[in-house]
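Let's take a walk through this protein together. Have the sequence and the 3D view open, and we'll go from one part to the next.

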Amino acid sequence: MAANIERMSMAQAVPAPRAFAGAAQSFAVQPAKGVFIENRWRPAHSQNAVDVVDPATGIVFAQIADCGREDVNAAVAAARRAFDQGAWGRTRPTDRGRMLARVAELIARHAEELAVIEARDTGKPLSLARGDMVATARYFEYYGGAADKVHGDTIPYLPGFFVATEREAHGVTAHIIPWNYPAQMFGRTVAPALAMGNACVIKPAEDACLSAHRLVELIAEAGFPEGAVALVPGRGETAGAALSGHPQIDFISFTGSPEVGALIQIAAAKNHVGCTLELGGKSPHVLFADADLDEALPIIGKGIVMNAGQTCSAGSRVLVERAIYDKVAAGLAAYFTGVRAGSPEMDLDLGPVINAAQKKRVETFRARAKADGIPLLAEGSIAPGVDPAGYFVTPSLYGPVPRDNDLACEEVFGPLLVLIPFEDEADAIRLANGTDYGLMAAVWTRDGNRALRVSRRIRAGQVYVNGFGAGGGIELPFGGMKKSGHGREKGLEALLEFSTLKTIILRHG
Ligand code: ADP
């Protein structure tokens, strides 16, 4: 039997890259587990598999099933049975809440094991992966507490009538998850859906999905009845397309690229079901001359470097009032110069990016910036000793970047930060709203009125004032405007997305 990453110690699972490269042959590739239906792994109908690559070394260390239509049909049928006729459809909200709380406990108990899996699968530094597991557990804890607190209304109507509303689960929900924060994204979408009583069919990203393999096992261990969750691993074009287009799905939750988001929306439209789409951003920090730079700059620097810039809500544009431009550029340059990329167990500021395509994308932006003559203000470094086959990129700070340059407008999904000067408040708002995206923003100023004025005029789902928490705050509704998508996740809002409203009109005479 191949070495099983879940049972490896930290030292084995994320070895030093050089040693690992040398000892690669001793690590057999972990075989695909198949498809998870009705609380157990079954062999997939599909004979195809996808290689799981360690981004820090480029080495294949596992495989996952590449589920096709038959596997998705079986998973959806099991979910349908569970919701329409099975124990899951009859489970009381309070019991759903208790089970979710048990999942939170199990995640906390297995946090180190999960963090090791996540770090190896994504390449992220171990401390970041550990933090991700705290957040993942917190999603289950939060929505466990909320499961039995979703109330309807009574509505005054005509004499002789009593009207009440109640929120019902959609039924079977599809969850298509990205690779940047695999476990957190799993918690963010699956925990509220389960809290409302939906049966969830989950398609994790082919680039990083091993934590999802473990999380469904923990959900089963927590006592969820058969069919409450199913996992259909595989590629987007196979498992993802089959799931999003399945006629027995009642709702789709998607986080990923705008291009695939459009396909998801078309699939949802064809089946006349709803969807939430979270599609990334080009989120601005708006720094006014009176901002507290000692507070702002470290948060801004760390925010884009975290997870190698592969965070939908990363603050990737810094809009700076001209009077403080030089000071901000110097402060951020000093930060960037000290930033170091390394493999997960080195636990530096960032790891590699997820795959060769993403590395190429980041390098293409860097090459284009050079060709366009955009000043490179500072670069971080890649730690000596990393595996040259790993997908490491150099964190870079650019400025001033012309407002219409690709680097200023397009989402890179890498550790590149752009500085753009602005003239006054109106100019700042115009610039902040000047991309296709609208996911997050931060306004930095000591002027309370201006903070509120500007926050209210920025078209983004979340606006921080004098702070920034990319992806933070499980309690805080989160989602996009414009090309960043629609629908809200996190907070109690997510419970509304994962349910539908019924109005019961009773004529009592
Ligand atoms: P990225 O470009 O960052 O990898 P994607 O949007 O391609 O992001 O992927 C996000 C998720 O969408 C992944 O789980 C991926 O497998 C899935 N996906 C990709 N293509 C499709 C598709 N055609 N239909 C459904 N899901 C897809």
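What follows is a tour of two sheets, a surface patch and some pairs of charged side chains.

Before we set off, keep in mind that this is a predicted model. Every number below is computed from that model.

Let's begin with a sheet. Strands of a sheet pair through backbone hydrogen bonds, either parallel or antiparallel. Here, 7 strands build an open sheet, and their order across it is S15-S17-S18-S13-S12-S20-S21, with mixed pairing. What stands at the edges? Strand S15, covering 376-379, and strand S21, covering 462-465, take those places. Each has a single partner strand, so one side of each is left without a neighbour in the sheet. If you look across the sheet, you'll find a twist that averages 20° from one strand to the next.

Now zoom in on one pair inside this sheet. Strand S12 (residues 283-287) and strand S13 (residues 315-321) run in the parallel sense, and 5 bridges connect them. To find your way between the two, start at Ser-283, which has Gly-315 of S13 standing opposite.

Over in strand S17, which spans residues 396-398, you'll come across Ser-396. Is Ser-396 buried or exposed? With a relative accessible area of 0%, Ser-396 is buried. Its side chain has some company, though: there is a polar contact with the side chain of Arg-366, at 2.5 Å.

Next, hop over to another sheet. This one is open too, and has 3 strands in the order S5-S6-S24, with antiparallel pairing. S5 and S24 are the edge strands, each pairing on one side only.

Take the S5 and S6 side of this sheet, where the two strands pair in the antiparallel sense over 2 bridges. Thr-154 has Ala-164 in S6 as its bridge partner. The two strands form a hairpin with 5 residues between them, and in that hairpin Gly-160 takes a positive phi near 85°.

On the other side, S6 is joined to strand S24 (residues 499-507) by 9 bridges, again running antiparallel. Two spots help you line these strands up. Ala-169 stands opposite Ser-499 in S24, and Glu-166 faces Lys-502 in S24.

Stay around here a moment and look at the loop between strand S5 (154-155) and strand S6 (161-169), because that is where Tyr-157 sits. Tyr-157 is exposed, at a relative accessible area of 52%. Which residues join Tyr-157 in a nonpolar patch on the surface? They are Leu-158 and Ile-505, and together the three have about 330 Å² of accessible area.

Time to turn to charges. Side chains of opposite charge can pair when their charged atoms come close. How many salt bridges does a search of the whole structure find? The search turns up 31. Let's visit a few.

First stop: Arg-138 and Glu-141, whose side chains meet in a salt bridge at 3.0 Å, N to O. Both belong to helix H7 (residues 126-146), and being 3 residues apart there, they are separated by about one helical turn. Arg-138 counts as partly exposed at 27% relative accessibility, and Glu-141 counts as partly exposed at 46%.

A short way along the chain, Asp-148 and Lys-149 have side chains that meet in a salt bridge too, at 2.8 Å, N to O. Asp-148 is partly exposed, with a relative accessible area of 34%, whereas Lys-149 is exposed, with 53%.

Our last stop is helix H9 (residues 210-221), home to Glu-217 and Arg-214, which lie 3 residues apart, or about one turn of the helix. These two form a salt bridge, and their closest N and O atoms are 2.6 Å apart. The pair doesn't stand alone: salt bridges that share partners join Lys-33, Glu-113, Arg-214 and Glu-217 into one network. And where does Arg-214 fall, buried or exposed? At 11% relative accessibility, Arg-214 counts as buried.

Technical notes:
Residues are numbered from 1 along each chain as its sequence is written. This is a predicted model: local features need pLDDT of at least 70, side-chain atom pairs count only at pLDDT 80 or more; totals for chains, interfaces and linings use all residues. Side-chain values use heavy atoms; hydrogens and water are left out. Two strands pair if DSSP finds at least two bridges between them. Helices (H or I, at least four residues) and strands (E, at least two) are DSSP runs, numbered from the N terminus. Axes are lines fitted to C-alpha atoms, for helices over the stretch in contact, and angles run from 0 to 180 degrees between N-to-C directions. Patches are made of residues with over 30% relative accessible area and no salt bridge: like charges are joined within 9 Å, nonpolar side chains (Val, Leu, Ile, Met, Phe, Trp, Tyr) within 5 Å. Accessible areas come from the Shrake-Rupley method with a 1.4 Å probe; for residues, only the protein chains shown count as cover. A salt bridge is a side-chain nitrogen of Lys or Arg within 4 Å of a carboxyl oxygen of Asp or Glu. Buried means under 20% relative accessible area, exposed over 50%, partly exposed in between (1.4 Å probe, protein chains only). A polar contact is a pair of N or O atoms within 3.5 Å; within protein, one must be able to donate a hydrogen and the other to accept it, and residues adjacent in sequence count only if both atoms are side-chain atoms.
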